[in-house]
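Grab a pencil and work through these exercises with the model open beside you. Try each task before you read its solution.

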Amino acid sequence: MVHEARDAFSEVYNGLGGASGRQIGVEYVRTFCPGGNPRRLAEYYQESGRRGSCPIQNIAPTENAVAITREPGKQPIAEILRWGLLTPWETDPANGARMINARAETVAEKPSFRNSYEHRRCLVPAMGFYEWKRSGKQKTPYYFSANSDNRPIVLGGIWTDWNHDQQHIRSFSIITTEANDVMRPIHDRMPLIITPEYWLDWLNHDLSGRAVSNILKPAKNNILRCWEVSPYVNNVRNKGERCIFHLKALF
């Protein structure tokens, strides 16, 4: 798949999420005014992408999502990236599905991730994410969202450019940490959630990976709420509001 869309924000997906990794729930934020900046969260996902209403989404690995990136010497921008990091030595773009997450404990060391962590960090805005609780052979989906209504969570990611056989794909991976107390009953990992006071540092090219390593920690417990949702979300073709309907509240 050729990366298309630096300005295709009319197809903006409103964010994304995905704890240790399968699908992402996203809802368009119509009243959000970002207080931590990076260029007002990339002019709030670029003006052209915020017109009209967007449905809740269910983004799966290798699908496209919005991320906030920053090139050296430039302002942050919102662009559409493919979920699943493609390393320079990769020859098959389908293999990006193996690289949807990078562990906070090893992201600075692993050859697949360390260069992006050092030089190409990104913010991934999301209204929520899904994770599945295992009980024997059964897996029950749960949806996690911000405790504040109509506010996104912003996930920490890394990105890279991939060029092979005249294909150009800009792709990303979401960093994960150990679970906090809200997440732990469901799963032992969770996405890195970056609060507004750290957005600028995360995108700052003058700060090394070591300098921002203090950000690589589980989110505070008061940031998230959680509820059980229908197995309807297990099918990645299902994209509508039904994906996040409450079945049973956990937190």
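Before we start: a strand here is a DSSP run of at least two E residues, and strands are numbered from the N terminus. Also keep in mind that this is a predicted model.

**Exercise 1. Find where Ile153 sits, and decide whether Ile153 is buried or exposed.**

Step 1: Look for the strand. Ile153 belongs to β9, which covers residues 153-164.

Step 2: Check the accessibility. Buried means under 20% relative accessible area. Ile153 has 3%, so Ile153 is buried.

Step 3: Look at the company Ile153 keeps. Beyond its neighbours within four places in sequence, Ile153 is in contact with several residues, among them Val124, Phe129, Ala146, Ile193 and Leu224.

Step 4: Compare sequence with space. Ile193 is 40 residues away from Ile153 along the chain, yet their C-alpha atoms are 6.7 Å apart.

**Exercise 2. Work out which residues have the most contacts inside the largest nonpolar core.**

Step 1: Get the count. The largest nonpolar core holds 28 residues.

Step 2: Pick out the best-connected ones. They are Phe144, Ile153, Phe172, Ile193 and Leu224.

Step 3: Ask where the core's residues come from. Elements giving two or more residues to it include β6 (121-126), β8 (138-146), β9 and β12 (224-228).

Step 4: Zoom in on Leu224. Leaving aside neighbours within four places in sequence, its contacts include Phe144, Ile153 and Ile193.

Step 5: Don't stop at one core. There's a second, separate core of 23 residues, and Ile158, Leu192, Trp202 and Leu216 are among its members.

**Exercise 3. Describe how enclosed β9 is, and name strands that pair with β9.**

Step 1: Count the buried residues. In β9, 9 of the 12 residues are buried, so the strand is largely enclosed by the rest of the structure.

Step 2: Take β6. This strand pairs with β9 in the antiparallel sense over 6 bridges. As a landmark, find Pro125 opposite Val154 in β9.

Step 3: Take β10. Here β9 pairs in the antiparallel sense over 8 bridges. This time the landmark is His164, opposite Gln167 in β10.

**Exercise 4. Explore the turn between β9 and β10, and say what the backbone does at Asp165.**

Step 1: Name the arrangement. The two strands form a hairpin with 2 residues between them.

Step 2: Recall the usual rule. Most residues other than glycine have a negative phi.

Step 3: Test Asp165. Asp165 has a positive phi of about 50°, although it isn't a glycine.

Step 4: Test Gln166, which is also in the loop between β9 and β10. Gln166 isn't a glycine either, and its phi is positive, at about 65°.

Step 5: Check the surroundings. Exposed means over 50% relative accessible area. Asp165 has 62%, so Asp165 is exposed. Gln166 has 85%, so Gln166 is exposed too.

**Exercise 5. How many disulfides does a search of the whole structure find?**

Step 1: Remember what you're hunting for. A disulfide is a covalent bond between the sulfur atoms of two cysteines.

Step 2: Read off the result. The search of the whole structure finds 0 disulfides.

Step 3: Look at two cysteines anyway. Cys226 is buried, because its relative accessibility is 0%. Cys243 is buried too, with a relative accessible area of 0%.

Notes. Residues are numbered from 1 along each chain as its sequence is written. This is a predicted model: local features need pLDDT of at least 70, side-chain atom pairs count only at pLDDT 80 or more; totals for chains, interfaces and linings use all residues. Side-chain values use heavy atoms; hydrogens and water are left out. Helices (H or I, at least four residues) and strands (E, at least two) are DSSP runs, numbered from the N terminus. Buried means under 20% relative accessible area, exposed over 50%, partly exposed in between (1.4 Å probe, protein chains only). Contact means heavy atoms within 4.5 Å. A disulfide is a pair of cysteine sulfur atoms within 2.5 Å. A nonpolar core is a set of buried Ala, Val, Leu, Ile, Met, Phe, Trp, Tyr and Cys residues joined through side-chain atoms within 4.5 Å. Two strands pair if DSSP finds at least two bridges between them.
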